[in-house]
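Reader: I'm new to this one, so could you pick a single spot and walk me through it slowly? I'd like to know where it sits and what it touches.

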Amino acid sequence: FHPMYIEDWDGHILKSNEKLSRMLGYSAKELAGKESYKIFDINERAFLDFLIKRNNAGIAKAEITCIKKSRDKFPCRISSVIYKTDNGEKRSLNTIVDISQYVSNRRSLAHIYWLTSYSSHILIMYISENTMGFID
């Protein structure tokens, strides 16, 4: 399972799993009752767009920025669905995936594309999982 949490309609985390606690550096007890907006960069347009879409359609996903307890930020993909409890209260179930490596790889590919677009001869050497060498 991915890191997940359930929030009430006011945005308070009601339940979360251990994977979310590990990913963000909080204990489950610290997350319970926490306003969920405090674990995201709410100043990003993508976050606001995500909330609007979810609240209108009842389901949404987006690439936004998560904030750990340490205040370190990292890119994540969030998927959310709104549902009603047996007594009619609105809740949302949210799944978060750390996409740091994906974003890093995407940037590397964009860099390679840029390099190869402006060079007539280039040799790319794979050095290690996170390192590449370029010779023009």
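Author: Let's take Lys69, which lies in the loop between strand S3 (59–67) and strand S4 (73–84). Keep in mind that this is a predicted model. With a relative accessible area of 40%, Lys69 counts as partly exposed, because that value falls between the 20% and 50% cut-offs.

Now look at what it meets. Leaving out residues up to four places away in sequence, Lys69 touches Leu24, Gly25, Tyr26 and Glu30. Take Gly25: it is 44 residues from Lys69 in sequence, yet their C-alpha atoms are 5.5 Å apart in space. With Glu30 there is a polar contact, side chain to side chain, at 2.6 Å.

For a contrast, try Asn94, which belongs to strand S5 (residues 90–98). Its relative accessible area is 0%, so Asn94 is buried. The side chain of Asn94 also has a polar partner, the side chain of Ser80, at 2.6 Å. Beyond its neighbours within four places in sequence, Asn94 is in contact with several residues, including Pro3, Tyr5, Arg54 and Ile78.

Stepping back, the protein has four helices and seven strands, and from the N terminus they run β-β-α-α-α-β-β-β-α-β-β. Of its 136 residues, 31% are buried. Among contacts with a separation of 6 or more, 38% join residues 24 or more positions apart. As for the outside, the protein exposes about 9000 Å², with carbon and sulfur atoms supplying 54% of that.

Definitions and conventions. Residues are numbered from 1 along each chain as its sequence is written. This is a predicted model: local features need pLDDT of at least 70, side-chain atom pairs count only at pLDDT 80 or more; totals for chains, interfaces and linings use all residues. Side-chain values use heavy atoms; hydrogens and water are left out. Helices (H or I, at least four residues) and strands (E, at least two) are DSSP runs, numbered from the N terminus. Buried means under 20% relative accessible area, exposed over 50%, partly exposed in between (1.4 Å probe, protein chains only). A polar contact is a pair of N or O atoms within 3.5 Å; within protein, one must be able to donate a hydrogen and the other to accept it, and residues adjacent in sequence count only if both atoms are side-chain atoms. Contact means heavy atoms within 4.5 Å. Accessible areas come from the Shrake-Rupley method with a 1.4 Å probe; for residues, only the protein chains shown count as cover.
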